[in-house]
Amino acid sequence: MSGVMLRQVVKAYGPIVVIPELDLSIAEGEFVVIVGPSGCGKSTTLRMIAGLETVSGGSIFIADKDVTYAPPKARDIAMVFQSYALYPHMNVAGNMSFALRLAGTPKAEIEERVRRAADMLELTPYLDRKPKDLSGGQRQRVAMGRSIVRDAYCFLFDEPLSNLDAKLRATMRTELALLHKRLERTMVYVTHDQIEAMTMADRIVIMDKGIIQQVGTPREVYTAPENLFVAGFIGSPSMNLLQGEIADQAGDLRVRGAGFDLPIPQRMKTRATGARSRDVVVGLRPEHFSASDSGDGDLAPIRLEVDVAEYIGSSQFLAAMVGEEHVTASVDVGPDAAPLASGDYFFDADRLYLFDRASGQAL
Ligand SMILES: Nc1ncnc2c1ncn2[C@@H]1O[C@H](COP(=O)(O)OP(=O)(O)O)[C@@H](O)[C@H]1O
Ligand SMILES: [Mg+2]
């Protein structure tokens, strides 16, 4: 398989093992986002792919070529960093063409490549400007332009949007997705922001403590998290995780805890019956709560002691208690509803998750 492949890659700094052993296959042309909390080893992984960091074990293949010990320039990659140092004395065109000029690329070809990259990034009107006369977003696009003109086999991004404000980040997410469509190149993108990952990725790689927790499409990691870490990390606001116990009441399988008693959905019955332990963690996504029993799902009553109801427009965010535990609920009630109060709510029991409490693995 071409693309990018990591085989049993290990990284240690002296006695400290940062990546115990990592296997990952990225298909050619795929947009893969590696996401995880700060310090989990995302940059290290990306820098090993780029050749900016040596590996302590294992091998790395790019386009079927073993590049484990190859220098960065022999890997046919282009990298965009979080902090991008543009040359302040050069205009946009100069910044974008710098590497090509250094490589002795013919002038006509340089002009053509800069023109195309500028066009793609909507930088054409600014080619003569100096970085100080550009907005933050424009500067970030120039930094990307510098990579794009080189037309590498694989593009590597290390949190390139972290320094931008929220609105610009959203715009750039869309632009990056478009860019990927136009360039049809393999892209590996690193971020700690799960929304960025969900919106842009063909596939998401969720990492914690140097270990891959799950690989899947945005839909897969949202609908079928394989463990508690992924469950809590993917989704906004986060999934509520409550201590519970499986109870079998003459074939009626339920999960119970302080303040709730929910039916276990049909699709989980076999796994719940065969579970090693009755002690579980129940996962309830905020968006699967509702205020009335009007839906067509398998709605089960649950009492919420509401502390705060936030008006969001068509829905309200509730900070509430179930028993002794804090939960968040996002309830669709339309824009004219009064602030929601404590009372009986419903949860779509079809969509609850169960995790083994000891191992954290999904049942
Ligand atoms: N040069 C280094 N020497 C020692 N430890 C390092 C070095 N670079 C990174 N680390 C450690 O490796 C871990 C992963 O770092 P990094 O890959 O930068 O995480 P992320 O990009 O996910 O925030 C961190 O615990 C960090 O402290
Ligand atoms: Mg990093």
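**Close-up views of the predicted model**

**View 1. The pairing of strands S16 and S17.** Glu310 stands opposite Phe317 in S17. The model shown here and in the other views is predicted. Strand S16 covers residues 299-311 and strand S17 covers residues 315-322; six bridges hold the two in an antiparallel pair. Both strands belong to an open sheet of five strands, whose order is S15-S19-S16-S17-S18 and whose pairing is antiparallel. Strand S15 (289-290) and strand S18 (325-332) are the edge strands of this sheet, and each of them pairs on one side only.

**View 2. The whole protein, for orientation.** The protein has 363 residues, of which 37% count as buried. Its secondary structure consists of nine helices and 20 strands. Along the principal axes, the C-alpha atoms fill a box of roughly 80 × 50 × 35 Å. Of the contacts between residues at least 6 apart in sequence, 66% join residues at least 24 apart.

**View 3. The surroundings of ligand 1.** The shell around ligand 1 includes Tyr13 and Val18, together with a run of residues among which are Gly36, Ser38, Gly39, Cys40 and Gly41. Lys42, Ser43 and Thr44 are also part of the shell. Helix H1 (residues 42-50) gives the most to this shell, with three residues. By residue class, the shell divides into three nonpolar, six polar and one charged.

**View 4. Gly39 in its loop.** Gly39, one of the residues around ligand 1, sits in the loop between strand S3 (31-35) and H1. Is Gly39 buried or partly exposed? Gly39 is partly exposed, because 13 other C-beta atoms lie within 10 Å, whereas a buried residue has 20 or more. A residue far along the chain can also be shown in this view: His192 is 153 residues from Gly39 in sequence, and the C-alpha atoms of the two are separated by 9.5 Å.

**View 5. The packing of helices H2 and H4.** Helix H2 (residues 92-102) packs against helix H4 (residues 136-148) at an angle of about 35 degrees, and their axes are 7 Å apart. The crossing of H2 and H4 is right-handed. On the H2 side, the contact is made by Val92, Asn95, Met96, Phe98 and Ala99. These residues meet Val142, Gly145 and Arg146 in H4. The residues of the contact of H2 with H4 divide into five nonpolar, two polar and one charged.

**View 6. The consecutive hairpins of S11, S12 and S13.** Strand S11 (residues 240-249) and strand S12 (residues 252-257) run antiparallel and are joined by five bridges. Glu245 has Arg256 in S12 as its bridge partner. The two strands form a hairpin with two residues between them, and Ala250 in the turn has a positive phi of about 50 degrees. S12 also pairs with strand S13 (residues 260-263), in the antiparallel sense and over four bridges. The hairpin of S12 and S13 likewise has two residues between the strands, and Gly259 takes a positive phi near 90 degrees there. Two bridge partners in S13 can be picked out: Leu262 for Val255, and Asp261 for Arg256. Arg256 is thus the bridge partner of Glu245 as well as of Asp261.

**View 7. The two faces of strand S13.** In a regular strand the side chains alternate between the two faces of the sheet. The covered face of S13 holds Phe260 and Leu262. The uncovered face holds Asp261 and Pro263. Of the bridge partners shown in View 6, Leu262 is therefore on the covered face and Asp261 on the uncovered one.

**View 8. The four-stranded sheet and its edge at S5.** Four strands form an open sheet with the order S2-S1-S4-S5, and the pairing is antiparallel. Which strands stand at the edges? Strand S2 (16-26) and strand S5 (65-66) do; each has a single partner strand, so one side of each is left without a neighbour in the sheet. At the S5 edge, strand S4 (residues 57-62) pairs with S5 in the antiparallel sense over two bridges. Ile62 stands opposite Lys65 in S5.

Definitions and conventions
Residues are numbered from 1 along each chain as its sequence is written. Chains are lettered from A and ligands numbered from 1 in the order in which they are written. This is a predicted model: local features need pLDDT of at least 70, side-chain atom pairs count only at pLDDT 80 or more; totals for chains, interfaces and linings use all residues. A residue is buried if 20 or more other C-beta atoms lie within 10 Å of its own, exposed if 12 or fewer, and partly exposed in between; C-beta atoms are placed from the backbone. Two residues are in contact if their C-beta atoms, placed from the backbone, lie within 7 Å. A residue is near a molecule or strand if its C-beta atom, placed from the backbone, lies within 6 Å of it. Ala, Val, Leu, Ile, Met, Phe, Trp, Tyr, Cys and Pro count as nonpolar, Asp, Glu, Lys and Arg as charged, and the others, Gly among them, as polar. Axes are lines fitted to C-alpha atoms, for helices over the stretch in contact, and angles run from 0 to 180 degrees between N-to-C directions. A crossing is left-handed if the near helix is turned anticlockwise from the far one by less than a right angle, and right-handed if clockwise. Two strands pair if DSSP finds at least two bridges between them.
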